[in-house]
Amino acid sequence: MSDDIITGIMAAAGREPGRVAVVDGRGREVTYGELARRVDAVRDAMAGRPGAADGLRPGDGVLFAVRPGVDAVALALGAVAAGGMLVLADPGPAPEVLAARMAATRPRWVVTESLLHLLSGPLRGLARRRGLLLPDLRDPLPGQTVRHLHTGPWLPGVPRGAVRLSRILRSSGSGPAPRGPYTAHGDQPAAVIFTSGTTARPRGVVHTRGSLAAGLALFRGAFPLGPGDVVHTDQLMLGLPALLAGATWSLPGGGDLAAELAARGATHTFAVPVHLDRLLRRTPRLPETLRHLLLGSAPAPPAVLRRAVEAGPEVLSVYAMTEALPIAVASAREKLAQAEGDLLGAPLPGVGIRVAEDGELFVSGPHLARGYLGEDPLREVATGDLVRLEEGRIVLLGRKKDMILRSGVNIYPGLYEPAVAALPGVAEAAIVGLADPETGDEEVVLAVVPADGYDGDAVWKALPAVMDAGALPDRVELLGSFPRSGRADKLDRAALRSLLTRRA
């Protein structure tokens, strides 16, 4: 396995130039040989001539805003191959947040779609009225000259002198395999992912070509993947392992997932629990070609895990964080068999773990991000998760910040929520603490989303069998659904606390 993401993917292209590498949301295909040609063309255009002032240097920022598709894959790989560090231009951040991120990364190139130039330039006012807040892609860092590369036709707002993708592809000729040469540069920063921080000091996680390659190798080792497989996902950390393995990366088109899986002959796919729940309620059985269903981003209620197992494929839950992708994998059947807490699985090969005195999990290994932007390199990272080890396997007890303190007793919601959610008539369960403003002691509230056959008295009587006496709730609240946030629809505990406080 390669210790560099670019050399690994280009090597796969050299072995399988005629095999389909990527299928976009509209069903358009590109072979490995053609993908490699496009990566070559983008790399050459952005790197420039040796010593050229406008060429990328290793670690230079590349502001990137291209929707998932064949162009996005080729542009991202080409930009990194040229030495760039991708900076994702997420829509929506406040202007001062974006300005701080641009000052921290100082992008020298902007790679985007001509439509976004139109929406962030001449039609910016219209876009804002429609709720779309876009950064000014023409001049992301005032006072610094940047170069532009765009997809699509010329539209008003595209900066003068911008390089057009179709033009550099035409001028690059054609060939069945990459021209190269490609040299491993595992220490080169490849992407920065902003997670938090203040406007004065934005928190960006910096991954290198080597740390990404190590993480992708862990994914490939966790489940079989090779030529002939079809990975249907918009997740980079599953799509890129497909390319390293010589498989086909199939990008969703936004339609019914079950229908797309069947049409593409998908063998692997990814979902977050709340989206999977909606899918399986509509389609209880998934296509027979699907061998592996990967879950991530949030704990899955037992009812969802049971339906996923009954749907056909092997169901694997991935535990990961932005700084360390991935950490552990557990099957749905293993998780359902866990009596207390949420089973995360054994650490993957090469992943180092340490449990601090307070129970917080720390992670290290070759897949660890180089560090946070502008900070010293990481040796290990605090996950913020409270865990215990059982026969070498990690069991999640809850988030450190979500620990509840009542009458001097520490209560870990994750230790009990899966068992409560497995009770008859319960679809989902969450435990939160509501602090008394005078004493600081917390009221323990069990929030329940009921399913068919819910019996409140029966659930209340069953709680002592699945919860320690010191953790039993002070009250139970029924909700039609839980508040969620983010692309993965994670449970928003802060919003849940606020909701339950208003109800109190």
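**Close-up views of a predicted model**

**View 1. Helix 11 and its buried side.** Helix 11 (residues 273-282) has Pro 273, Val 274, Leu 276, Asp 277, Leu 279 and Leu 280 as its buried residues; buried means under 20% relative accessible area, exposed over 50%, and partly exposed in between, with a 1.4 Å probe and protein chains only. Helices (H or I, at least four residues) and strands (E, at least two) are DSSP runs, numbered from the N terminus. The buried residues of helix 11 pack against helix 10 (257-264) and helix 12 (302-310), and also against strand 12 (268-271), strand 13 (292-295) and strand 27 (484-485). Contact here means heavy atoms within 4.5 Å. A note that serves every view: this is a predicted model, in which local features need pLDDT of at least 70 and side-chain atom pairs count only at pLDDT 80 or more, while totals for chains, interfaces and linings use all residues. Residues are numbered from 1 along each chain as its sequence is written, and side-chain values use heavy atoms, with hydrogens and water left out.

**View 2. Helix 12, a neighbour of helix 11.** Moving to helix 12, we find Pro 302, Ala 303, Val 304, Leu 305, Ala 308 and Val 309 as the buried residues. They pack against helix 11, strand 13, strand 14 (314-321), helix 13 (332-337) and helix 14. After helix 12 comes Gly 312, with a positive phi near 125°.

**View 3. The largest nonpolar core, with Leu 149 in focus.** This core holds 87 residues, and those touching the most other members are Val 22, Leu 35, Met 46, Leu 149 and Leu 243. Helix 3 (residues 70-81) gives the core its largest share, ten residues. A nonpolar core is a set of buried Ala, Val, Leu, Ile, Met, Phe, Trp, Tyr and Cys residues joined through side-chain atoms within 4.5 Å. Leaving aside residues up to four places away in sequence, Leu 149 touches Met 46, Leu 75, Trp 109, Val 110, Val 111, Thr 112, Val 163, Leu 165 and Ile 168. A second, separate core has 20 residues, including Tyr 412, Leu 423, Val 444 and Met 467.

**View 4. His 367, a buried loop residue.** Look for His 367 in the loop between strand 18 (360-364) and strand 19 (371-372). His 367 counts as buried because its relative accessibility is 1%. Not counting residues up to four places away in sequence, His 367 touches His 207, Ser 211, Ala 214, Gly 215, Leu 218, Glu 323, Ala 324, Leu 325, Pro 326 and Val 351.

**View 5. Two exposed loop residues, Pro 424 and Ala 469.** Pro 424 sits in the loop between helix 14 (413-421) and strand 24 (426-435), and counts as exposed because its relative accessibility is 69%. From Pro 424 to Asp 455 the C-alpha distance is 8.3 Å, with their positions 31 residues apart in sequence. Ala 469 belongs to the loop between helix 15 (456-466) and strand 26 (475-478); its relative accessible area is 64%, so Ala 469 is exposed. The C-alpha atoms of Ala 469 and Glu 380 are 36 Å apart, and the two residues are 89 apart along the chain.

**View 6. The setting of the close-ups.** The protein has 16 helices and 28 strands. Along its principal axes, the C-alpha trace spans about 75 × 50 × 45 Å. Of the 504 residues, 53% are buried.
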